[in-house]
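Here's a quick briefing to read alongside the structure. Have the viewer open as you go through the points.

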Amino acid sequence: MIIDVSTVKDIKGASVEVELEGPPDPMAIAGTTLKPVTPVHVIAKATSTGHSAILIEAKARAEFTAECHRCLREFVFDIETEFQEQYYKVSHKPSPMSDCEEDEVLTYKGDFVDISKEVNSHLALSLPIQLICSSECRGLCPVCGKDLNDGECACSEEEGDIRLAPLAQLYPSQAKDEF
Ligand SMILES: [Zn+2]
Ligand SMILES: [Zn+2]
């Protein structure tokens, strides 16, 4: 994911907009590996801010599949991120930056700004904490392991809510629908 800034780097205020694609870094959530479905798609604007610096404003989006932690089904989900980073031309670091640690300053060489690392690190920051296929996911029955998104299992009919048990005997069909 490299941006050619040859046309803007020497003109303060000049900018160029590009669309890029690149492979996502390996990512995982709570030990589950995410499988990329699409490359990372990036829309980026590079603006020369003077002093050999380029401001990159980027929007990145990638699609992954992974197993839902509740029902263990594979599902597809999107990760999106937006960020801004300033890149300094190598050997032209502005003096206030010299106090910072070397690798805190992003740099570019020649006509090209490589944003792959920052795209991936910002995508990683946007990952959800939990992998759940939907907020409504009902998961698996802890007794028989049936996917409850497909409907009730036999366990819930037998050991369902005790308060409703007499009702279930009186109106078997109705009580079933309520579960
Ligand atoms: Zn699920
Ligand atoms: Zn069950």
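What follows covers the core, the helix and two loop residues.

This is a predicted model. Its largest nonpolar core has 22 residues, and two loop residues, histidine 51 and leucine 72, have positive phi values without being glycines.

**The core**
- Within the largest nonpolar core, Ile54, Ile56, Val113, Ile115 and Val119 have the most contacts.
- At least two residues of this core come from each of E6, E7, E8 and H1.
- E7 is the top contributor, giving 7 residues to the core.
- If you skip neighbours within four places in sequence, isoleucine 115 is in contact with Met1, Ile3, Ala44, Ile56 and Ala58.

**Helix H1**
- H1 takes in residues 116-125, and its buried residues are Glu118, Val119, Asn120, His122 and Leu123.
- The cover over those buried residues includes strands E6 (40-50), E7 (53-67), E8 (74-89) and E9 (106-108).

**Two loop residues with positive phi**
- As background, most residues other than glycine have a negative phi.
- Histidine 51 sits in the loop between E6 and E7, with phi near 50°.
- Histidine 51 counts as exposed because it has 11 C-beta neighbours inside 10 Å, and the cut-off for exposed is 12 or fewer.
- Leucine 72 is in the loop between E7 and E8, and its phi is about 65°.
- Leucine 72 has 12 C-beta neighbours inside 10 Å, so it counts as exposed too.

Note on methods. Residues are numbered from 1 along each chain as its sequence is written. Chains are lettered from A and ligands numbered from 1 in the order in which they are written. This is a predicted model: local features need pLDDT of at least 70, side-chain atom pairs count only at pLDDT 80 or more; totals for chains, interfaces and linings use all residues. A residue is buried if 20 or more other C-beta atoms lie within 10 Å of its own, exposed if 12 or fewer, and partly exposed in between; C-beta atoms are placed from the backbone. Helices (H or I, at least four residues) and strands (E, at least two) are DSSP runs, numbered from the N terminus. Two residues are in contact if their C-beta atoms, placed from the backbone, lie within 7 Å. A nonpolar core is a set of buried Ala, Val, Leu, Ile, Met, Phe, Trp, Tyr and Cys residues joined through C-beta atoms within 7 Å.
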